[in-house]
Amino acid sequence: MTPMQIRTTRNEHPVAEDRLAEILADPGFGKHFTDHMFTVEWTPDAGWHDARIEPYGPISLDPATAVLHYAQETFEGMKAYRHADGSVWSFRPEENAKRMVRSSHRLALPVLEVEDFIAAVDELVRVDERWVPTTTEPGTGEKSLYVRPFMFASEKFLGVRPSQHVTFMVIASPAGSYFKGGVKPVTLWLTEEYTRAGRGGMGAAKTGGNYASSLVAQQQAIAQGCDQVVFLDSQEGRYVEELGGMNMYFVYDDGRIVTPATGTILEGITRASIIELAGKLGHQVEERRFSIDEWREGVTSGAIREIFACGTAAVVTPVGGLRWDGGEVPAPPETELTMKVRQALVDVQFGRAEDTFGWLHRIV
Ligand SMILES: *Cc1c(COP(=O)(O)O)cnc(C)c1O
């Protein structure tokens, strides 16, 4: 495998410095995009070819493009963090690259080599380095550059079979601190009507279809006055899976931590990192099926002290009360370990704590 050659065409009209400063002062999430984007294309004969970085902008697709009809696509979510010395780093990018290979396998999309995935992300972040928020100014907290690699069926064809033309792109968007007005636990709605994944389905793949199927349940959660929806397993409707886009953890009074086992859930890189981190902090971590009854009984008896959810966007967020049609479980009493784990992770990501696991990858 020869490494991918990337051709770069600079944006002649980059966002002006004063406008950029305005955006970075309050970036929000997923609203503003950098000056460039990365694209590489695949065909069975040529393999991956024509890797390029170009000015950010709309792409033109034929109305018959396969992804628009059959949703053959995968994506990733990761961040670039600026350290106090100005350097820029990503967090475990090879894990994102490997997960995209697994997701792509499930969606019958071609393999993009781990090195090429990382090279694409690194090169885009380098070209758009000025978009990585700085954390040294007062009050800039946890701002980062959110990076979104994605791969989709770009063949113009309405037949149902794996696409013979595939496009992989990377775009980036500055992201603000998730907790702006201080940390507030998320309240959850338990859906008994919808599930997000079944045995043999694509629950473990990071693909848009999983999000599409979660939206109506999320809409109901909001209508019920809750922040997020929780899904149960599709077979028995008893075991906790995850939120729409975050994995879950239950902390017991004896220090044990339980997180639902994988298979139909998406294996978060934050989830995996917390398993390692909590182990180092002296906690026993159990990956197993976890029933909704254990949740209710644990909180009611006081055995469960904390519940939290995790993912790249929010890092770690405490979970409050749970409600469903005809019942509820109150919020667990504490958030101490939740906030400790959160701080430990964020400190490594922003270079404020030693990276003992070797999780960081330098980009600039
Ligand atoms: C991306 C994602 C997560 C979190 O994964 P991280 O790698 O920690 O960001 C959890 N659940 C779903 C469904 C996801 O798509």
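This is a walk through a few parts of the structure, from its helices to its aromatic pairs and then its open and closed spaces. Keep in mind that the model is predicted.

Let's start with helix H1, which runs over residues 17-25. Its buried residues are Leu-20, Ile-23 and Leu-24. Around the helix axis they cover an arc of only 95°, so they sit on the same side of H1. Look at the other side of H1 and you find Asp-18, Glu-22 and Ala-25, which are exposed.

Helix H3, residues 93-106, is a good one to check with a ruler. At 1.5 Å a residue, its 14 residues should span 20 Å, and the end C-alpha atoms are indeed 20 Å apart, so the two values agree. The buried residues of H3 are Pro-93, Asn-96, Ala-97, Arg-99, Met-100, Ser-103 and Ser-104. Seen down the axis of H3, they fall within an arc of 165°, which means they line one face of the helix. After H3 comes Ala-108, with a positive phi near 55°.

Now for the rings. Searching the whole structure turns up twelve aromatic pairs. One of them joins Phe-150 and Phe-152: the ring centres are 6.0 Å apart and the planes are at 15°, under the 30 degrees that counts as stacked, so this pair is stacked. Phe-150 has a relative accessibility of 18%, and because the cut-off for buried is under 20%, it counts as buried. Phe-152 is buried too, at 7%.

Phe-250 and Phe-290 make another stacked pair, 4.0 Å centre to centre with 20° between the planes. What does this pair tie together? Phe-250 lies in strand E12 (residues 247-252), while Phe-290 is in the loop between strand E14 (285-288) and helix H7 (292-301), so the pair links parts that are 40 residues apart in sequence. As for solvent, Phe-250 is buried at 0% relative accessibility, and Phe-290 is buried at 0% as well.

Elsewhere, Phe-38, Phe-117 and Phe-168 form one aromatic cluster. A couple of arginines also lie over ring faces. Arg-256 lies over the face of Tyr-252, 4.4 Å from the ring centre, and Arg-289 does so over Tyr-239, at 4.1 Å from the ring centre.

On to the spaces. The largest pocket has a volume of about 680 Å³ and is lined by 33 residues. If you want to find its centre on screen, Lys-206, Tyr-211, Gly-245, Met-246 and Ala-313 are the lining residues nearest to it. Two or more lining residues come from each of strand E7 (144-153), helix H5 (208-223), strand E10 (228-232), helix H6 (269-280) and strand E15 (304-311). Which element gives the most to this lining? That would be H5, with five residues.

There is also a closed space to look at: the count comes to one cavity of 30 Å³ or more. The largest cavity has a volume of about 100 Å³. Its lining is made up of Gly-77, Met-78, Lys-79, Tyr-81, Phe-91, Asn-96, Ile-269, Thr-270, Thr-312 and Gln-349. Asn-96 will be familiar, as one of the buried residues of H3. Strand E5 (78-82) and H6 each supply at least two residues of the cavity lining, and E5 gives the most, with three. H6 is also among the elements that give two or more residues to the lining of the largest pocket.

Notes
Residues are numbered from 1 along each chain as its sequence is written. This is a predicted model: local features need pLDDT of at least 70, side-chain atom pairs count only at pLDDT 80 or more; totals for chains, interfaces and linings use all residues. Side-chain values use heavy atoms; hydrogens and water are left out. Rings of Phe, Tyr and Trp (its six-membered ring) pair if their centres lie within 6.5 Å; planes under 30 degrees apart count as stacked, over 60 as edge-to-face and the rest as tilted. Buried means under 20% relative accessible area, exposed over 50%, partly exposed in between (1.4 Å probe, protein chains only). Helices (H or I, at least four residues) and strands (E, at least two) are DSSP runs, numbered from the N terminus. A charge sits over a ring if NZ of Lys or CZ of Arg is within 6 Å of the ring centre and within 35 degrees of the ring normal. The expected span of a helix is 1.5 Å times one less than its number of residues. The arc is that of the directions from the helix axis to the C-beta atoms. On a 1 Å grid over the protein atoms alone, a cavity is a set of points where a 1.4 Å probe fits but cannot get out, and a pocket is an open set with protein on both sides within 12 Å along at least five of seven lines; lining residues have an atom within 4 Å of a point. Grid points are joined across faces, edges and corners, and a volume is the space filled by probe spheres set on the points.
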